[in-house]
2 protein chains.
Amino acid sequence: MTAELNDRKEQILRSVVINYIKTAEPVGSRTIARSHPGGLSSATIRNEMADLEEMGYLIQPHTSAGRIPSQRGYRYYVDNLMDLNELSEDVEEKISTSLSAGKMREIEQIIMNSTRVLSSATNQTSLIMGPQFKKSAFHQLRILPLDEKRGLVVLITDTGFIKNKVIDFQHQLSQTELQQIVSYLNQKLYGLTIDQVTASLINELKRDLFRRLEILEQAFILLEESLKEEKQIRVFLGGTTNILNQPEFKDVDKIRRMLNLFEQEPLLFKILEDTSREDNIVVRIGSENEFEDIKECTLITGTYRIHDKTLGTVGVLGPTRMDYGKVISIMRRLVDQLNQSLSSS
Amino acid sequence: MTAELNDRKEQILRSVVINYIKTAEPVGSRTIARSHPGGLSSATIRNEMADLEEMGYLIQPHTSAGRIPSQRGYRYYVDNLMDLNELSEDVEEKISTSLSAGKMREIEQIIMNSTRVLSSATNQTSLIMGPQFKKSAFHQLRILPLDEKRGLVVLITDTGFIKNKVIDFQHQLSQTELQQIVSYLNQKLYGLTIDQVTASLINELKRDLFRRLEILEQAFILLEESLKEEKQIRVFLGGTTNILNQPEFKDVDKIRRMLNLFEQEPLLFKILEDTSREDNIVVRIGSENEFEDIKECTLITGTYRIHDKTLGTVGVLGPTRMDYGKVISIMRRLVDQLNQSLSSS
DNA sequence: TTTAGCACTCTATACTATAGAGTGCTAAAG
DNA sequence: CTTTAGCACTCTATAGTATAGAGTGCTAAA
């Protein structure tokens with residue numbers, strides 16, 4: 001994408017975007033004239049701004065107001081004009097201390113911390129998609145007898161998931177019998193992703209075990225269920241109230257729609273999943289988003305991974321009037337840290 | 001608490017409360033005269049209302065407006081005048097189907113379902129305090145070796161909690177060694193509540209085990225930590241966006257304060273814990289609430305239990321203009337169901 | 001004790017006037 | 001050809017004014 005604006009126009013567009021991001025007010029020609037290094041008059045700026053509007057980079061809310069960037073204007077800014085900020089020491093410290101691999105071994109905890117850090121550093125709403133359970137590979141399966149009639153199934157994946165589920169035995173099982181079953185299952189399932197455990201594979205296993213021990217039917221049904229159930233993935237949210245600080249959400253109705261969206265996890269998941277194919281940081285401005293509910297917002301996402309395997313997506317959601325440079329810098333840093341913390345555990 | 005109003009005043013107060021709950025508009029004398037069974041004129045009603053205002057049961061927002069109930073008015077209504085509603089079939093079904101003990105064995109799932117049901121049935125925000133981990137008693141402790149250097153500690157309580165934590169071994173442990181440690185710990189800890197596992201007890205155990213096996217130091221530190229960490233209790237929320245539908249929250253600033261509150265779990269916990277001593281359903285109207293942030297709200301709470309041991313608290317939070325009869329009926333039913341579902345598992 | 005009647009109060013709504021910000025255009029200057 | 005000063009014009013936001021309507025409190029009669 002080559003620049004298609006001359007230098008002066010770029011300077012002016014840049015000025016409008018930066019000013020508008022800061023003040024949330026339409027930017028007038030005088031404001032820009034004052035801050036413009038070249039020392040042009042407001043009339044000149046006005047002409048240029050009129051051009052920029054005609055070209056679709058700026059919008060005039062009404063005849064006697066200043067200009068605000070259009071979606072296209074933001075896009076041009078992000079692609080060609082934006083500077084990345086240095087992270088403030090404050091933010092740098094927050095990220096490195098609260099996400100260090102040190103104490104935390106559970107992946108959920110690391111992710112929850114990340115949402116907190118991300119939303120407080122950006123003043124926006126952050127959303128993070130946890131690792132997809134069904135894309136994780138079996139690592140170990142254990143069954144702990146609790147008493148004569150119940151056992152605890154513990155399932156551990158390569159991505160650090162630990163799932164457990166209480167099951168009822170229909171008949172009493174001896175320690176040895178359990179042992180046999182478990183080691184058989186482990187052998188069969190090792191390395192498969194949850195996705196790959198199809199109904200037919202389960203049936204096959206069931207038949208196999210059935211022949212040996214006729215006791216497990218009930219336990220098996222429950223195990224099967226427990227796998228099915230875990231299809232949903234958690235999306236972690238942080239700073240949902242931050243949108244209330246944005247002047248573009250002073251309308252109660254907009255707030256309601258936004259908060260409603262936040263309560264619908266499956267939708268959030270789809271929104272995040274949609275961008276997770278790409279490797280780098282993705283910026284979706286306004287209607288570039290596929291989902292109706294966020295067509296007035298900007299979503300910036302990045303993916304985090306463990307040993308080069310993509311685990312999930314980190315996102316920041318806010319109005320299109322967002323400090324792109326700042327958010328992107330922060331997200332870069334956070335994703336780096338996340339990758340590092342996860343890989344070292 | 002004996003009734004201190006004559007019959008007619010009670011009728012009128014009742015009318016005001018019911019009308020105001022329905023319409024959210026100050027209630028005028030004519031409105032009441034129309035619906036009053038005795039067939040009184042508006043002038044008479046006006047006089048009575050003036051009395052009721054002087055006595056502190058009603059409030060006039062401004063001279064030429066109708067009356068609204070004062071906090072005292074609501075209190076009198078709840079104590080003396082309120083009818084409990086029959087549950088609609090719809091709600092009845094929601095409660096009995098989505099909380100039936102059937103499939104769900106994990107307590108967290110039952111509770112999350114409860115918040116959903118409660119908030120959708122009442123159109124208010126629901127909050128439920130999960131069982132307090134630290135008040136739960138040890139049932140079993142297990143350690144599963146994952147590989148040479150790591151193990152999974154699984155802790156099961158009598159209230160159905162299952163906590164797990166990965167720990168690092170500093171040295172390699174044999175199956176038998178682990179077995180010994182675990183059975184020793186189980187013997188020592190069985191039946192104690194998490195609360196009772198004091199630092200000194202842990203130290204004692206540590207010394208004890210240390211003598212036998214010098215290997216466990218690291219593992220112990222981590223176990224200790226994992227117990228400490230679990231001090232926080234989860235408060236589950238449902239229908240937080242429902243407050244946006246209440247006309248008393250049309251002010252963005254109030255919304256912000258409310259949502260902010262919802263994000264502070266420790267505070268929510270305190271708010272709920274505060275009422276959990278009592279056995280029955282507790283109604284806290286307006287400034288009867290101790291906590292500043294909800295002094296304009298009404299909080300209705302009930303406790304749920306398993307085998308006569310109190311597990312946690314269920315709450316509904318909304319404006320003082322709340323359909324008390326309806327919410328209380330729903331909560332009664334829900335708590336009953338909850339007790340039943342939990343006890344049968 | 002109740003009620004009809006009426007003057008009075010207050011709010012919400014619509015309408016009007018005004019200041020201020022910013023524009024677009026024209027014509028002169030560089 | 002580009003830039004700029006100047007000015008008329010447009011639109012919004014704000015304050016001020018008028019009016020209708022709801023509801024009251026009080027008085028005097030039933």
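**Exercise 1. A pair of strands in chain A**

Find out how many bridges join strand β9 of chain A to strand β10 of chain A, and in which sense the two run.

*Solution.* Keep in mind that you're looking at a predicted model.
- Step 1: pick out β9 of chain A at residues 297-306 and β10 of chain A at residues 309-319.
- Step 2: count the bridges between them, and you get 10.
- Step 3: check the directions; the two strands run antiparallel.
- Step 4: look at a facing pair, A:Ile306, which has A:Lys309 of β10(A) opposite.

**Exercise 2. The whole sheet**

Work out the strand order of the open sheet in chain A, and say which strands are at its edges.

*Solution.*
- Step 1: read across the sheet, and the five strands come in the order β7-β3-β10-β9-β8 of chain A, with antiparallel pairing.
- Step 2: look for strands that pair on one side only; these are β7 (235-238) and β8 (282-285) of chain A, the edge strands.
- Step 3: check the twist, where neighbouring strands are turned by 20 degrees against each other on average, ignoring direction.

**Exercise 3. Helices across the sheet**

Say which strands helix α6 and helix α11 of chain A lie across, and at what angles they run.

*Solution.*
- Step 1: take helix α6 of chain A, residues 107-122, which lies across β3 (125-129), β7, β9 and β10 of chain A.
- Step 2: compare its direction with β7(A), and the angle is about 35 degrees.
- Step 3: now take helix α11 of chain A, residues 265-273; β3, β7, β9 and β10 of chain A are the strands it lies across.
- Step 4: for α11 of chain A, the angle to β3(A) is about 85 degrees.

**Exercise 4. Ser119 and Asn123**

Is A:Ser119 buried or exposed? And what can you say about the backbone of A:Asn123?

*Solution.*
- Step 1: locate A:Ser119, which is in helix α6 of chain A.
- Step 2: its relative accessibility is 6%, so A:Ser119 counts as buried; the cut-off for buried is under 20%.
- Step 3: list its contacts beyond four places in sequence, and you find A:Gln124, A:Ser126, A:Gly238, A:Gly239 and A:Asn242.
- Step 4: move on to A:Asn123, in the loop between α6 and β3 of chain A. With 44% relative accessibility, A:Asn123 counts as partly exposed.
- Step 5: look at the phi of A:Asn123, which is positive, near 60 degrees, even though the residue isn't a glycine. Most residues other than glycine have a negative phi.

**Exercise 5. A similar look at chain B**

Where is B:Ala24 found, and what is its phi?

*Solution.*
- Step 1: go to the loop between α1 (7-23) and α2 (29-35) of chain B, and there's B:Ala24.
- Step 2: its phi is about 65 degrees, a positive value although B:Ala24 isn't a glycine.
- Step 3: B:Ala24 has a relative accessibility of 21%, so it counts as partly exposed.

**Exercise 6. A covered strand**

Which residues of strand β8 of chain B are buried on each side?

*Solution.*
- Step 1: on one side of β8 of chain B (residues 282-285), B:Val282 and B:Arg284 are buried.
- Step 2: on the other side, B:Val283 and B:Ile285 are buried, so both faces are covered.
- Step 3: find the partner strand; β9 of chain B (residues 297-306) pairs with β8(B) through four bridges, in the antiparallel sense.
- Step 4: B:Val283 has B:Ile300 in β9(B) as its bridge partner.

**Exercise 7. The DNA strands**

How many residues surround DNA strand D, and how many surround DNA strand C?

*Solution.*
- Step 1: around DNA strand D there are 19 residues, with A:Arg8, A:Thr44, A:Thr63, A:Ser64 and B:Ser29 the closest.
- Step 2: helix α3 of chain A (residues 42-54) gives the most to this surface, four residues.
- Step 3: pick out polar contacts. A side-chain N or O atom of A:Arg8 is 2.8 Å from a phosphate oxygen of strand D, and a polar side-chain atom of A:Arg46 is 3.4 Å from a base oxygen of that strand.
- Step 4: DNA strand C is surrounded by 19 residues, and the closest are A:Ser29, B:Arg8, B:Thr44, B:Thr63 and B:Ser64. Of the strand C atoms within 4 Å of the protein, 75% belong to sugar and phosphate.
- Step 5: a polar side-chain atom of B:Thr44 lies 2.5 Å from a phosphate oxygen of strand C.

Terms used
Residues numbered from 1 in each chain as written. Chains lettered and ligands numbered in written order. Predicted model: local features only at pLDDT ≥ 70, side-chain atom pairs only at ≥ 80, totals over all residues. Heavy atoms only, no water. Pairing = 2+ DSSP bridges. Axes fitted to C-alpha atoms, helices over the stretch in contact; angles between N-to-C directions. Contact = heavy atoms within 4.5 Å. Buried < 20%, exposed > 50% of the residue type's maximum accessible area, 1.4 Å probe, protein only. Near = heavy atom within 4 Å. Polar contact = N/O pair within 3.5 Å; in protein donor to acceptor, adjacent residues only side chain to side chain.
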